[in-house]
Amino acid sequence: MEKFHFTKREKIFLLLALFVLIALFISSSMTYQQQEIHDNKINHYFGWLENIVAGWNFTYGGRVHNVQVDGRAGLAQFVLRKMAHFGSYFLLGGFGYLGMRRIFKIKWVAPVLTWFATIAFAAFDEYHQFLTGDRTPSVHDVILDSTGALTAIILVMIIIHVKNSIHDQKKSV
């Protein structure tokens, strides 16, 4: 039986996943005030986002969010925070899957295990926020995080499938 070795590319993906984990841990160690983006910075750097979300009205975590409730900058900041949740777990899921997909002989195990690992870390991260103080853990954020990871895993699987199909077609020609 041949011993398994990670490729250089897989090691890079796993290292990138580790960096995302570290960044998430550091972020969840900060209080809300330490992470808060003040209105003038929101307006200066994310004025474009304020304009996009100005007409939005939605419920997240049992609370209504819109310009009347949160203000333009507050709504933009809320959307930015949720985009950060989705995006960071998107990266974690994608990098994790790309780094671990060859380990398992059964093809469906790697994406499922990667997804479950990201859900577990998201739940741990929310608990860590609870311990930090001045932060509120949210099951809704775990769901958002797991959706980001699942989206990346599925997208990577589709890209790999298409790439392999194109490669096989060129080979048969």
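Student: Which helix is Leu16 found in?
Tutor: Leu16 sits in helix α1. Keep in mind that this is a predicted model.

Student: And is Leu16 buried, partly exposed or exposed?
Tutor: Partly exposed, since its relative accessible area is 31%; the range for that class starts at 20% and ends at 50%.

Student: What kind of patch does it belong to?
Tutor: A nonpolar one on the surface. Leu16 shares it with Ile12, Leu15, Leu18, Phe19, Ile22 and Ile26, and together they have about 610 Å² of accessible area.

Student: OK, what about the buried residues in α1, which are they?
Tutor: Glu10, Phe13, Ala17, Val20, Leu24 and Ser28. They are on the same side of α1 because they cover an arc of only 80° around the axis.

Student: What covers them?
Tutor: The cover includes α4 (67-100) and α5 (109-132). On the face of α1 turned away from the buried side you'll find Lys8 and Lys11, both exposed.

Student: How far does α1 reach?
Tutor: From first C-alpha to last, 30 Å over 21 residues (8-28), close to the 30 Å expected at 1.5 Å a residue.

Student: Switching to the whole protein: in what order do the elements run?
Tutor: From the N terminus on, α-α-α-β-β-α-α-α, so six helices and two strands by the DSSP runs.

Student: How many residues, and what share is buried?
Tutor: There are 173 residues, and 34% of them count as buried. The protein exposes about 11,300 Å², with carbon and sulfur atoms supplying 67% of that.

Student: What are the spans of the C-alpha trace?
Tutor: About 60 × 40 × 30 Å along the principal axes.

Key:
Residues numbered from 1 in each chain as written. Predicted model: local features only at pLDDT ≥ 70, side-chain atom pairs only at ≥ 80, totals over all residues. Heavy atoms only, no water. Helix = DSSP H or I, 4+ residues; strand = E, 2+ residues; numbered from the N terminus. Expected span 1.5 Å × (residues − 1). Buried < 20%, exposed > 50% of the residue type's maximum accessible area, 1.4 Å probe, protein only. Arc of directions from axis to C-beta. Contact = heavy atoms within 4.5 Å. Patch = residues over 30% accessible without salt bridge, like charges linked within 9 Å, V, L, I, M, F, W, Y side chains within 5 Å. Areas by Shrake-Rupley, 256 points an atom, 1.4 Å probe, with all protein chains shown as cover. Salt bridge = Lys/Arg side-chain N within 4 Å of Asp/Glu carboxyl O.
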